[in-house]
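Student: I am new to this structure and should like to look closely at a single part of it. Could you please take one strand, describe its surroundings, and then place it within the whole?

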Amino acid sequence: MAKIKPLKIIRERYFKFERFPTTYCPGCGIGNVIQALSRAVDDTGRPRESFSMSVGIGCYGNIGNFLDFDELRLAHGRAPAMATGLKLARPDLNVLCMMGDGDATAIGGNHLIHAARRNIDITAIIMNNHTYGMTGGQYSPTTRLGDYSSTAPYGMVEPSFDICKLVEGAGGTFVARTTTFRMVQTIDIIRRAIEHPGFALVEIESQCPVIYGRMNRWGNAVAMLKKQNELTVTLERARTMSSEELKGKIVVGVLAERIEPEFTAEYYKVIDRAQRSADGA
Amino acid sequence: MPPEKRARLLMGNEACAEGAIAAGVRFFGGYPITPATETAETMAKRLPQVGGVYIQMEDELGSLAAVVGASAGGIKAMTATSSPGFSLMLEAISSAIIGEYPLVVVNVMRLGPGIGNIVASQMDVMQSRWGAHGGLPMIAFCPASVRETFDLTIRAVNWSERLRMPIMLMTDGVVGHMREKIVFPQPDEIEVWNRPLPTGDPAEYQCFDPGEDNIPKIAPFGGQYRVHYNTAVHDHRGVTTMADPKWCDYAVRRLSAKVTAHIEELTDVHTVLMDDAEIAVFAYGPVARAAEASVRQAREMGIKAGLMRTVTLWPFPEKEVRAMAKQVEVIVVPEMNLGQMVLEVERCAGGEAKIESVTRVDSMLITPKQVLDSIVAVAPRRQVPWPR
């Protein structure tokens with residue numbers, strides 16, 4: 001694990017500090033996520049201009065106003081599809097794909113699973129705060145059963161997605177979950193995800209204290225983080241627990257990691273083949 | 001291309017793919033749909049031969065989003081679809097206007113609404129103007145032949161690069177599937193434009209600085225210039241400006257001016273026998289070919305008929321139609337829809353000429369006879385048509 005560098009260095013390298021303070025609510029998990037991300041990028045030692053990010057729409061989709069990587073923004077849910085086009089057209093780039101839970105699993109769910117199926121070398125960093133924060137706290141596909149939201153005033157009736165299972169089932173070759181409480185682990189996991197040659201997913205369990213937390217009377221950000229930590233179970237411990245004991249728990253760690261043919265590399269082999277046969281013709 | 005391969009028998013959709021490659025397109029995000037699929041199939045085979053990339057995405061929302069990603073990487077990129085897919089792509093078309101992503105969307109129009117029918121129509125011409133939310137001026141070209149499909153694909157790619165915006169090629173099931181002999185121009189006969197690039201100090205660089213010509217010099221990803229594409233209303237740095245009336249007004253008016261400043265250059269109107277015409281036919285796409293035949297037949301009958309064919313659907317050739325309305329007594333507007341561009345003709349004519357809409361929505365191409373019948377019916381009484 002790399003040494004934790006002074007925040008000032010990270011801030012100067014990767015942030016538009018002149019834009020601070022951010023537009024985010026006090027206690028929001030986005031700050032934790034983008035700090036962990038920029039530290040992970042720094043730890044890879046790869047040049048910063050080789051990184052691009054494809055972002056969704058929502059609170060998390062606005063990180064480009066503060067975080068200074070080349071940035072793609074288009075429409076709600078389309079970040080994995082844009083990232084796919086960018087990576088294929090420019091295999092030299094490290095492509096990050098940043099989505100919230102609603103962005104990634106509702107409107108962009110189809111793009112997410114197909115990017116995973118192709119095993120294209122994209123690093124998807126999904127911040128899961130279980131709600132649509134920017135529009136005022138409506139329920140998302142990851143809102144937990146029974147929780148309140150502005151559109152579930154009697155409690156959430158639908159079962160929720162397990163994002164990691166979804167992506168692993170679709171063919172993602174690096175799947176990990178971590179939390180905003182576990183910053184050191186989050187930095188390390190994001191770095192490993194970036195270095196993984198294939199589709200990598202990092203789901204970061206995050207807090208939305210001002211909207212989701214308030215509606216469910218969970219207290220402030222500190223209280224939410226404490227609660228989050230109580231529910232967290234490491235992968236090693238989870239292996240010793242029954243499915244009944246694991247209900248409602250947040251299992252953290254690298255849940256899947258394997259090497260499979262990567263789509264961009266495979267497609268460029270096709271280009272080589274086609275160019276050779278076209279020359280011969 | 002070697003000289004012996006310069007003349008070929010191609011369908012419009014294939015000519016579209018060849019035109020795109022000639023214009024420098026090296027990325028195609030596809031999704032199968034009749035009657036547009038041959039463009040994707042041709043690209044899947046041809047692009048890897050020239051070092052380019054074809055990908056079949058999971059839907060049309062994704063295919064245009066992938067095109068956007070490739071375009072941001074500095075690669076010329078496009079997609080082709082048909083009407084139901086075009087409806088889905090309007091999301092990204094609208095966003096690409098404000099994001100200022102250069103890209104081309106080909107719509108091989110089929111009969112609607114809904115899944116409709118895979119036969120040809122011209123039912124999406126108003127959708128190409130007004131379908132994308134925001135209602136900003138659009139640029140759309142409409143070919144009448146296979147060779148023109150080749151040429152206009154190049155033109156669409158060129159304009160998308162120059163103005164950094166989505167350009168539409170509105171073709172249809174007739175032109176898309178029709179096979180014609182096409183003689184490819186030599187590479188040095190093809191004019192290729194590339195997007196404007198920044199040259200200044202990266203530390204001072206603002207990606208959405210509109211410069212003097214309203215076109216920001218957005219750098220490809222991965223270089224020393226930091227780029228923030230933003231499809232929310234943003235300032236010259238690409239930073240979202242929230243609810244600031246000043247920036248909202250500026251964004252909408254600047255993006256609009258990108259098109260309106262180039263109307264004369266974009267306008268491409270062809271006339272046949274218009275010099276002394278008293279009755280004009282205004283048409284576009286394959287209907288104009290039928291209309292040309294009917295105009296010539298009308299002349300043989302002693303009726304002073306002429307044709308105005310527009311290649312540029314949008315921006316609409318207002319000046320030309322206004323002048324035509326002052327010259328002629330009647331303008332016949334045949335279309336394979338319930339009468340869409342006729343509304344534009346009416347607007348520009350401003351009551352100076354009588355407007356006659358001719359429509360056909362039974363999936364068949366408008367015939368010369370159908371247009372001729374309309375010309376004869378509206379011919380001034382002093383011109384007694386010769387018996388046929």
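Tutor: The part chosen here is strand β4 of chain B, residues 77-81, which is mostly covered, with 5 of its 5 residues buried. Please keep in mind that this is a predicted model.

The side chains of the strand may be taken up next. In a regular strand, side chains alternate between the two faces of the sheet. In β4(B), B:Ala77, B:Thr79 and B:Thr81 point one way, while B:Met78 and B:Ala80 point the other way. The residues of both sets are buried.

The partners of the strand follow. Strand β2 of chain B, residues 27-30, runs parallel to β4(B) and is joined to it by 2 bridges. Within this pairing, B:Phe27 has B:Ala77 as its bridge partner. Strand β5 of chain B, residues 103-111, also runs parallel to β4(B), and 4 bridges join these two strands. Here B:Thr81 is matched with B:Asn107 in β5(B). Helix α4 of chain B, residues 83-99, belongs to this arrangement as well: β4(B), α4 and β5(B) make a right-handed β-α-β unit.

From the strand we may turn to the nonpolar core. The largest nonpolar core has 197 residues, and B:Val68, B:Val281 and B:Ile331 are those with the most contacts inside it. At least three residues of this core come from domain 1 (3-189) of chain B, and at least three from domain 2 (268-378) of chain B. B:Val68 deserves attention in its own right. Apart from its neighbours within four places in sequence, B:Val68 is in contact with B:Ala92, B:Ala96, B:Tyr101 and B:Leu103 in chain B, and with A:Leu74, A:Met82 and A:Gly85 in chain A.

Two of those residues of chain A, A:Met82 and A:Gly85, are among the buried residues of α3(A). This helix, residues 79-89 of chain A, is mostly covered, for 11 of its 11 residues are buried. The contact between the chains takes 36 residues from chain A and 37 residues from chain B. On the side of chain A that touches chain B, the largest share, 8 residues, comes from α3(A). The elements of chain A that give two or more residues to this side are β1 (51-55), β2 (70-73), α3, α5 (109-118) and α12 (263-280).

Finally, the strand may be set within its whole chain. Chain B has 13 helices and 15 strands. Its C-alpha trace spans about 75 × 50 × 40 Å along the principal axes. A compact globule of 388 residues would have a radius of gyration near 21 Å, and the 22 Å of chain B agrees with this. Buried residues make up 55% of the 388 residues of chain B. Of the contacts in chain B between residues at least 6 apart in sequence, 75% join residues at least 24 apart.

Chain A, for its part, has 12 helices and 10 strands. The radius of gyration of chain A is 19 Å, close to the 19 Å given by the globule rule for 281 residues, so chain A is as compact as a globular protein of that length. The C-alpha trace of chain A spans about 70 × 45 × 35 Å along its principal axes, and 50% of its 281 residues count as buried.

Key: Residues are numbered from 1 along each chain as its sequence is written. Chains are lettered from A and ligands numbered from 1 in the order in which they are written. This is a predicted model: local features need pLDDT of at least 70, side-chain atom pairs count only at pLDDT 80 or more; totals for chains, interfaces and linings use all residues. A nonpolar core is a set of buried Ala, Val, Leu, Ile, Met, Phe, Trp, Tyr and Cys residues joined through C-beta atoms within 7 Å. A residue is buried if 20 or more other C-beta atoms lie within 10 Å of its own, exposed if 12 or fewer, and partly exposed in between; C-beta atoms are placed from the backbone. Domain bounds come from an automatic or database domain assignment. Two residues are in contact if their C-beta atoms, placed from the backbone, lie within 7 Å. Two strands pair if DSSP finds at least two bridges between them. A crossover is right-handed if, with the strands pointing away from the viewer, the path from the first strand over the helix to the second runs clockwise. The radius of gyration is taken over C-alpha atoms; the globule rule is 2.2 Å times the number of residues to the power 0.38.
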